[in-house]
Amino acid sequence: MTIIEKVNEGIKEAMRSRDQIRLATLRMLKSKILAVDARANLPDAEVIKLIKTYFGNIQEALDQAQIANRPEMAEQLKSELAIIQEFLPKTPSLEETKKLVIQAIADSGAKTKKELGLVMKALMKLNNTVDGKLAKELASELLAD
């Protein structure tokens, strides 16, 4: 079952259970997909990119809601993030990420922080589900100035 099919099934299930937050979130997710391809014939890799972008937007909105001291909005956004997270592949743990970063440094042959781009490129070839911010921080710590 493709991700788009899972989203459609999730929409049907949310309608049956009258879960308004889940329904609204999945409909928004589907609209993001349909905005790129009206027939929703995108491969899963493209859909995952769209979902990651949407996840990042919601995360940013959550940060803004917390800064603005809007707890009710923050709770709703946290619920939306949990729903969207179901459709993303699992991200590696801190230890797994560190191992992948070390492997990427070895593969790219990078020695200094100036070559961080090479490390990140090699890392994404190894595993594209890794958290980019965390990987960048780990790589910066491991590379010399």
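**Charge pairs, positive phi and pockets**

Colleague: At 47% relative accessibility, does Glu75 count as buried, partly exposed or exposed?

Modeller: This is a predicted model, in which local features need pLDDT of at least 70, side-chain atom pairs count only at pLDDT 80 or more, and totals for chains, interfaces and linings use all residues. Residues are numbered from 1 along each chain as its sequence is written, and side-chain values use heavy atoms, with hydrogens and water left out. Buried means under 20% relative accessible area and exposed over 50%, with partly exposed in between (1.4 Å probe, protein chains only). At 47%, therefore, Glu75 counts as partly exposed.

Colleague: Which residue forms a salt bridge with Glu75?

Modeller: A salt bridge needs a side-chain nitrogen of Lys or Arg within 4 Å of a carboxyl oxygen of Asp or Glu. The partner lies with Glu75 in helix α4, 3 residues apart, about one turn of the helix (helices are DSSP runs of H or I, at least four residues, and strands are runs of E, at least two, numbered from the N terminus). At 38% relative accessibility the partner is also partly exposed. With the closest N and O atoms 3.8 Å apart, the partner is Lys78.

Colleague: How many residues apart are Arg22 and Glu86?

Modeller: The side chains of Arg22 and Glu86 meet in a salt bridge at 2.8 Å, N to O. Arg22 is in helix α2, while Glu86 is in the loop between α4 (71–85) and α5 (94–108). Glu86 is partly exposed, at 48%. The pair links distant parts of the chain, and the separation is 64 residues.

Colleague: How many salt bridges does a search of the whole structure find?

Modeller: Side chains of opposite charge can pair when their charged atoms come close. Arg70 and Glu72 form one such bridge, with the closest N and O atoms 3.4 Å apart; Arg70 is partly exposed at 40%, and Glu72 is exposed at 51%. Over the whole structure the search finds 6.

Colleague: What is the relative accessible area of Arg18?

Modeller: Arg18 is found in the loop between α1 (3–17) and α2 (20–36). Its phi is near 60 degrees, a positive value in a residue other than glycine. Arg18 is exposed, because its relative accessible area is 70%.

Colleague: Which residue touched by Ile33 has a positive phi?

Modeller: Ile33 is in helix α2 and is buried, with a relative accessible area of 3%. Ile33 touches Ile4, Ala40, Leu42, Val47 and Leu50, not counting residues up to four places away in sequence (contact means heavy atoms within 4.5 Å). One of these lies in the loop between α2 and α3 (44–67). With phi near 55 degrees, that residue is Ala40.

Colleague: Which element gives the largest share of the lining of the largest pocket?

Modeller: A pocket is an open set of points on a 1 Å grid over the protein atoms alone, where a 1.4 Å probe fits, with protein on both sides within 12 Å along at least five of seven lines; lining residues have an atom within 4 Å of a point. The largest pocket is lined by 16 residues, of which Lys52, Phe55, Val130, Asp131 and Gly132 lie nearest its centre. The elements giving two or more residues to this lining are α3 and α7 (132–142). The largest share, 5 residues, comes from α3.
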